[in-house]
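Here's a quick tour for anyone meeting this structure for the first time. Have a look at the picture, then read on for the main points.

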Amino acid sequence: MRFDCDFAAGAITALVGPSGSGKSTLLNLLAGFEVPQSGAIRFDGEDMARVPVSERPVSMVFQENNLFAHLSVFENVALGLSPSLRLDPTDRDAAEEALASVGLGGYGARLPGQLSGGERQRVALARVIVRRKPVLLLDEAFASLGPALRLEMLDLVARIHSERGMTTLMVTHFPEDARRIAPQTVFLAAGTVVAGGPTETLLDPGTAPQAIRDYLGSAEST
Amino acid sequence: MATRSLTGAGTAAWISVLALVLLAAGAFLPLAIMALPGGGGAVAGALGDPVVWRSLRFTLVQAALSTGLSLLFAVPVAAALYEMRRFPGRGLVLRLFALPLALPQIVAVLAIVGLYGERGAVSRMVESAGLGFPSIYGLTGILIAHVFFNMPLAVRIVLGGLASMPGEYDRLSYQLGMGFRARFRHVVWPFMRPALASAASLIFMLCVTSFTVVLTLGGGPRATTLEVAIYQALTFDFDIARAVLLAGVQIAVTALAFGLLARAGGEVSAGLTVGALRPFLVRRHVPGQAVSAITILVGTLFVLLPFAVIIWRGLSADLMGLFGQAGFQRALATSLILGTLAACLAVSLSLALASGMARAAAGRRFRGERTRAERAIGQSSSLILVVPPVVIAAGWFVVIRQFSSAYAAAPVMVVTINAAMAVPFAIRLILPAVTGAAERYDRLCLQLGLRGFSRLRLVTWPLVRRATLLAFAFSLALSLGDLGVIAIFGSQDVQTLPYLILQRMGSYRTQDAAGLALILCAMTMALMMIADRAGKEDSARERSET
């Protein structure tokens, strides 16, 4: 695989492409879960090669298992403030506040198993908020939710983005996700970046390159 | 007709169940005979015998201590192996940790005496440092041997438990910047704890029924377990009443331990396989890495050194002279013949039981609960765990000598009891293949009218062949190394290799014993490696199929 691209700071960019195209690998590289064989990953000009996972300016939300099932919702959020759960009163307030801002005020004592799939992802976003990292990576974070819930979650991401201006990269299978909140889109196929640009033109069946039109299929052109 | 073949478990399975139950019943026959008028008084008289209660207490104490120590050392080694997921040789260490399970206990005892006994390498090192080293004979030796067998087992079980952790947890813990302590507490420990509970119950059960280690390292009446006391009552004191009472107590204790194991969700064959951990490259601090590396090194040396001693001492023995001894040649032939027969019997029983379970399971495909047939078959396969081999052998010994020479029955008893011993392991290896074959091809076979032997030959056998060979190799290794049954039934006429080693040890011919140990070790380890390779090809093929 070979990736050559840059992402605008403070913008939401969608990563679109067929499965196996390397979308998740790209996010894993950025987060530090995988190491490039050659080349460099730069954030704000600084090379990330020697920066350990926890020091990178990145929060990542997976499709599932974002929460430790044996820890309470509150503790799961608070881990973003102190990885050993040593919390002072301001930390506790911050965690509660973050939970309230994703619409889960008062849910802190519950276990993740008592929450719905959408609520669990909200908790994961609450932790993203308290971590205050400048980059947010969403790896098909909402793919397993129903359509209405998915759109709701996208709007929540858009709100968090407008409040904090995080550079947000979002892997998704749904072109409408990109159209809804991501002004920029990068299209990947076969382990490499095929095209990038404004979502409107890149994912418009009329103006898109052939490879993207193949991916979108006839359902999108009608 | 078709529906019955689906729901019934099949004749072969029920015959196997009957055979296992009959064999275990031998342990209870003397109790029944003794309970007849005239005999009951003798058993009741044995109740006052201090030997019985002293061995009961020692059995429980040594098993509890062995379990505690095994886990105490297993936790840091497992945690270090989990942290250091990508060092070269990690796979080798894990494979090394699977070997003690199949190493004949008598061989391990010889090696442990060579290391920690008088003039042993480790004890001399400790003494030259100005410290005292307790005698290997007694509780110390028993604990060292039990930790050698069970610490690696616990490590494998714990790593297997950790493999069930979602990969995201791992990544999250690093992204959130958890240190070793926080990660252990919040991420690793919650997955380690249930695995430790099941490891603890399994190890406790193995130690409660430990025979060879205690027989050879136990020092006199102070360090005698129930099983060894049974053996002594039968072979030295001819105190049948005491043997029967001891057997009864032992069955009660193992039944209790087995209940604990079942409640803890433990599995007898746990540790046979280790789930793969997702490799993941993380930069870590040097001090943490050094501690992990030292922990792994010490754990590995503890397991590896006995093997090195076996090889070293065995090679310096007069192997050529040993091969020329008529006694050795006879024991080797006896071991191979009886072992092969026992392994064949174990595999046949397991195949029959597994097919029975698969057929019974197919009958309830749309209902969640296991049928009575399934449960009965499953329980009969683990009967040997509740009624341990030495107790069964002792029971049949008492019964047979009422009618004829018990020693003449040695071959039959060794083959059947050793086969029953291997069944719980063999069935765990065979069952997944058999149920897989049934699930995939049941309907097709019914449609085509494939039944009975032709179905076995054309459909089932090609799919379960590899698992069966694996089970055969493991069963053979287990029976080759067993000393329990032959210790009771062995005589000048019927001797196996472990029995010969015990005799040579008793007559202080340590050179011979060392040579024999190397030969027996090489045989069982070769079998384990064959099984290991077969298992790996199997899983590689499964991966490529999905």
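Two strands count as paired if DSSP finds at least two bridges between them. Keep in mind that this is a predicted model. With that in hand, let's start with a sheet in chain A and then move to where chains A and B meet.

**The sheet in chain A**
- Six strands make up an open sheet in chain A, and going across you meet them in the order β4-β5-β6-β1-β7-β8. The pairing is mixed.
- At the edges you'll find β4 (58–61) and β8 (192–198) of chain A; each has a single partner strand, so one side of each has no neighbour in the sheet.
- From one strand to the next, the twist averages 20°.

**A pair to zoom in on**
- Strands β5 (residues 135–139) and β6 (residues 167–171) of chain A run parallel to each other, paired over 5 bridges.
- Within this pair, A:Val135 sits opposite A:Thr167 of β6(A).

**A helix across the sheet**
- Helix α1 (residues 23–31) of chain A lies across β1 (12–16), β4, β5, β6 and β7 (184–189) of chain A.
- Against β5(A), helix α1 of chain A runs at about 150°.

**Where the chains meet**
- On chain B, 20 residues are in contact with 17 residues of chain A.
- Helices α10 (167–175) and α11 (180–208) of chain B each supply at least two residues to the side that touches chain A.
- The most comes from α10(B), with 6 residues.
- What is this side of chain B made of? Its residues split into 12 nonpolar, 4 polar and 4 charged.

Methods
Residues are numbered from 1 along each chain as its sequence is written. Chains are lettered from A and ligands numbered from 1 in the order in which they are written. This is a predicted model: local features need pLDDT of at least 70, side-chain atom pairs count only at pLDDT 80 or more; totals for chains, interfaces and linings use all residues. Helices (H or I, at least four residues) and strands (E, at least two) are DSSP runs, numbered from the N terminus. Axes are lines fitted to C-alpha atoms, for helices over the stretch in contact, and angles run from 0 to 180 degrees between N-to-C directions. Two residues are in contact if their C-beta atoms, placed from the backbone, lie within 7 Å. Ala, Val, Leu, Ile, Met, Phe, Trp, Tyr, Cys and Pro count as nonpolar, Asp, Glu, Lys and Arg as charged, and the others, Gly among them, as polar.
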